[in-house]
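Thanks for making time this morning. I will go through the chains one by one, then the interface, then the salt bridges.

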Amino acid sequence: MLKSTHQKIPLPEGWTEHKAPTGHTYYYNAATKQSTYTRPVAAPAPVAPVPPPATPAQSFLQYQAVEGQPSAGAPFNSFGPGGQQHGGRGGFRGGRGGHDRSRDSRPQPTDKPISRHAIPDNENWFLVHTKLGRRFVYNSAKDQSYWRIPDKLKDGILALDQQRIKEKAEALAAPKEAANVPQGAAQRPTMAAEAPPANAEGAEESSEYEEVEVTDDEGEDEENPPKRQRTDEDAPDEPVEFNEDDIAYQLAQMGQEYGLDPGEYGDETMEGWEDGQEGMEMTEADSNALFKDLLNDFGINPYSPWEKLVEEGKLVDDLRYTALTSMKARKEVWEEWSREKIKELRELRAKEEKKDPRIPYLAFLQKHATPKLYWPEFKRKYKKEPEMRDTAMADKDREKFYRDHINRLKLPQSTLKTDLSALLKSQPLSQLNRDTLPSHLPPAILADIRFISLPLGIRDDLVEDYISTLPPPPESNDDEETEEQMKQRQDRERRQKALEDREKHVAEQKRQQRRNLEFGKGRLREEEMEIERAMNVSKKGLQGHLMEVDGA
Amino acid sequence: MPAIRHASKRKAPPAGFSDIEDDLLIFSNKMKDAENAPTTNVPRHQVHWPIFQISHQRSRYVYELYYEKEAISKELYEWLLKNNYADKMLIAKWKKTGYEKLCCLRCVQTKETNFNSTCICRVPKAQMKEDQAIECVSCGCRGCASSD
């Protein structure tokens with residue numbers, strides 16, 4: 001189709017078409033002895049008084065106003081799955097000098113979107129028609145395009161097609177003149193503006209010739225600058241025009257939909273934010289408390305030196321480590337924390353009853369002591385056991401207990417039983433009562449030598465029997481501190497949340513920065529490529545240049 | 001380091017020693033490593049630096065536990081000093097104004113120097129010429145003036 005339209009335009013006078021041995025078509029001018037691969041066109045007849053060509057900036061603006069259809073902004077380049085570059089539009093050439101497109105290879109039929117229709121019943125979805133008659137759907141909300149049309153859009157597109165067919169039929173039925181007159185009137189101003197750059201390009205146009213409009217209906221082919229006009233025509237049925245403001249607005253709306261604060265999706269300066277939109281604020285006390293929480297959670301020994309903590313490097317991976325910014329501040333907080341912690345520990349120890357070292361030792365004796373071993377033998381045999389090495393108990397005491405225990409083992413069982421019951425009876429009701437578990441007997445019993453004399457099974461039966469005969473414990477009540485603990489926990493949660501908020505905010509900012517950077521880089525790369533293209537003078541380019549000189 | 005005594009004659013350390021036992025063990029291991037490290041290729045005056053430094057750290061640790069954090073009892077503190085876990089003389093200096101950060105006792109021995117002055121590390125940073133990085137000869141200290 002491309003080629004067929006191509007062939008229609010007749011060669012200018014003096015030019016003949018030939019086939020090279022390689023199969024390429026080339027053109028030869030017998031009068032000037034010029035030959036070229038690109039199809040020459042007749043130098044346009046000078047048009048009667050026309051306004052001078054608009055400045056590049058002006059023409060750009062003009063085209064932009066016409067263009068309008070794809071969404072504006074950064075995603076512009078990715079518009080349309082075909083990967084169409086907007087910079088390559090012919091209309092820009094008047095201003096930029098026609099180096100826009102790399103034409104070293106055989107010109108590809110470049111595709112570009114030409115019209116867009118909102119799909120009924122589907123918000124944010126648009127059906128886009130391209131220059132080559134293909135079509136795809138575009139989601140403005142996600143800013144993505146798909147060649148494959150999703151199933152849910154099928155109905156809407158069907159309706160759209162029917163409507164279009166109907167309109168076409170109506171247009172055909174109506175007298176041609178009536179339809180054309182208003183259209184022509186509307187086109188007049190733009191056509192006038194279009195003319196100068198098109199003419200000025202003149203000879204250059206010949207090299208660009210190959211990108212010919214491919215259209216659905218033949219009728220429009222004769223019209224002079226078909227491209228412009230078509231876009232112009234399509235402009236009215238575009239539902240929305242996007243510009244920077246719209247994008248910003250959309251972004252803001254999307255942000256609100258997701259429940260984000262302006263600070264979180266960026267695009268606005270920090271000053272513009274309202275209070276509290278940056279998440280909860282963190283006071284110094286909060287960050288100190290966070291660091292202390294961290295120390296608590298990692299079970300740091302408050303007695304250890306700071307250097308050890310730093311060397312181990314366990315804390316570094318935690319998020320809360322960053323709550324404080326400098327090592328000095330961390331050390332200060334750590335000092336404070338360890339002081340508090342040590343005080344706390346000491347109070348705790350003072351409160352809890354001293355653990356009797358005799359209890360584990362006696363249990364150990366019950367398990368291992370036999371009349372067969374003398375004390376030195378026993379000691380040597382078990383010298384590695386922690387019960388035997390415990391510094392809280394003197395060796396002398398150990399020996400004494402061992403000897404006593406061995407002596408008692410030799411006594412008759414009835415004596416041992418009466419001794420045990422006497423021991424149990426001596427306990428006050430608050431210590432030993434019906435609710436006492438056999439595994440949690442009071443330390444006064446456990447630390448007594450009479451308790452371990454009997455074999456385990458017999459002893460436990462006796463103790464359980466005795467406990468079951470006892471009355472329930474006397475009433476007592478102490479419910480305190482629970483409220484305080486609750487408050488502490490809440491405080492802690494709040495601090496955690498504040499830190500997370502801050503972190504999230506920072507991540508968002510970073511992402512935005514990166515995005516900006518990438519965008520800037522993309523722009524730079526594009527410009528570089530343009531410059532490169534401009535610098536790159538191929539054979540063809542030289543010829544074009546020569547032809548331009550000839551034409552002048 | 002404490003002298004090794006026979007187990008039967010050894011008296012149990014005062015209460016609270018178990019809290020700091022591990023850290024002291026780390027220090028003593030470090031000290032052993034430093035003592036056994038080869039000294040080939042080390043300048044002669046630098047050979048003892050790590051020993052001084054570890055000794056300083058351990059003394060500082062005990063000092064802070066007792067005087068700043070109040071984490072150990074007087075009994076335990078004295079026991080530690082008696083058993084040479086910390087340098088008693090150095091701690092005595094730290095209690096004096098102007099000597100709060102003193103690195104080692106040798107650095108304030110004016111009689112040992114040619115001009116009867118203290119070590120370079122005792123000079124406050126503010127009075128030094130800029131960009132003058134120092135490591136004192138006796139213990140490798142980089143500056144221990146109280147104002148730093």
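In chain B, 37% of the 148 residues count as buried. Keep in mind that this is a predicted model. The secondary structure of chain B is quickly told: four helices and zero strands. Reading along the sequence, you get α-α-α-α. As for the contacts within chain B, take those with a separation of 6 or more: residues 24 or more positions apart account for 54% of them. The surface that chain B exposes is about 9,600 Å², and carbon and sulfur atoms supply 51% of that.

Now chain A. Here we have 21 helices and seven strands. The chain has 552 residues, and buried residues make up 31% of them. For contacts in chain A between residues at least 6 apart in sequence, 61% join residues at least 24 apart. The accessible surface of chain A is about 35,900 Å², with 53% belonging to carbon and sulfur atoms.

Next, the interface. How many residues of chain B are in contact with chain A? On the chain B side there are 14, and they touch 14 residues of chain A. Three residues of chain B stand out here: B:D19, B:D23 and B:K69 supply 43% of the area that chain B buries against chain A, more than any other three residues. The total area buried between the two chains is about 1,200 Å², and carbon and sulfur atoms give 50% of it.

On the polar side, the rule finds three salt bridges across the interface of chain B and chain A. One of the salt bridges in the model is formed by A:K308 and B:D23, with the closest N and O atoms 3.0 Å apart. So B:D23 appears twice in this account, as a partner of A:K308 and as one of the three residues that lead in buried area. There are also seven residue pairs in polar contact across this interface, both residues being at pLDDT 80 or more.

Which elements of chain B give two or more residues to the side that touches chain A? They are helix 1, residues 17-36, and helix 2. The largest share comes from helix 1 of chain B, with six residues. By residue class, the side of chain B that touches chain A divides into eight nonpolar, no polar and six charged residues.

While we are on helix 2 of chain B, residues 49-68, one residue in it is B:E64. Is B:E64 buried or exposed? Its relative accessibility is 17%, and since the cut-off for buried is under 20%, B:E64 counts as buried. Leaving out residues up to four places away in sequence, B:E64 touches B:K69 and B:E70. B:K69 is also one of the three residues named for the buried area against chain A.

Now the salt bridges in general. Over all chains, the count by this rule comes to 23. I will take three pairs within chains.

The first pair is in chain A. The side chains of A:E17 and A:R39 meet in a salt bridge, at 3.9 Å from N to O. A:E17 lies in strand 1 of chain A, residues 15-19, while A:R39 is in the loop between strand 3 (34-36) and helix 2 (56-67), so the pair ties together parts that are 22 residues apart in sequence. The partners are not alike in exposure: A:E17 is partly exposed, at 39% relative accessible area, whereas A:R39 is buried, at 5%.

The next pair is at the surface of chain B. B:E135 forms a salt bridge with B:R142, and the closest N and O atoms are 2.8 Å apart. B:E135 is partly exposed, with a relative accessible area of 38%. B:R142 counts as exposed, at 56%.That brings me to a network in chain A: salt bridges that share partners join A:D297, A:D318, A:R320 and A:R492. Within it, A:R320 forms a salt bridge with A:D318, the closest N and O atoms being 3.1 Å apart. What is the relative accessible area of A:R320? The value is 8%, and A:R320 is buried. A:D318 is buried too, with a relative accessible area of 18%.

That is what I have for today.

Notes
Residues are numbered from 1 along each chain as its sequence is written. Chains are lettered from A and ligands numbered from 1 in the order in which they are written. This is a predicted model: local features need pLDDT of at least 70, side-chain atom pairs count only at pLDDT 80 or more; totals for chains, interfaces and linings use all residues. Side-chain values use heavy atoms; hydrogens and water are left out. Buried means under 20% relative accessible area, exposed over 50%, partly exposed in between (1.4 Å probe, protein chains only). Contact means heavy atoms within 4.5 Å. Accessible areas come from the Shrake-Rupley method with a 1.4 Å probe; for residues, only the protein chains shown count as cover. Buried area is the accessible area (1.4 Å probe) that two parts lose on being put together, summed over both. A salt bridge is a side-chain nitrogen of Lys or Arg within 4 Å of a carboxyl oxygen of Asp or Glu. A polar contact is a pair of N or O atoms within 3.5 Å; within protein, one must be able to donate a hydrogen and the other to accept it, and residues adjacent in sequence count only if both atoms are side-chain atoms. Ala, Val, Leu, Ile, Met, Phe, Trp, Tyr, Cys and Pro count as nonpolar, Asp, Glu, Lys and Arg as charged, and the others, Gly among them, as polar.
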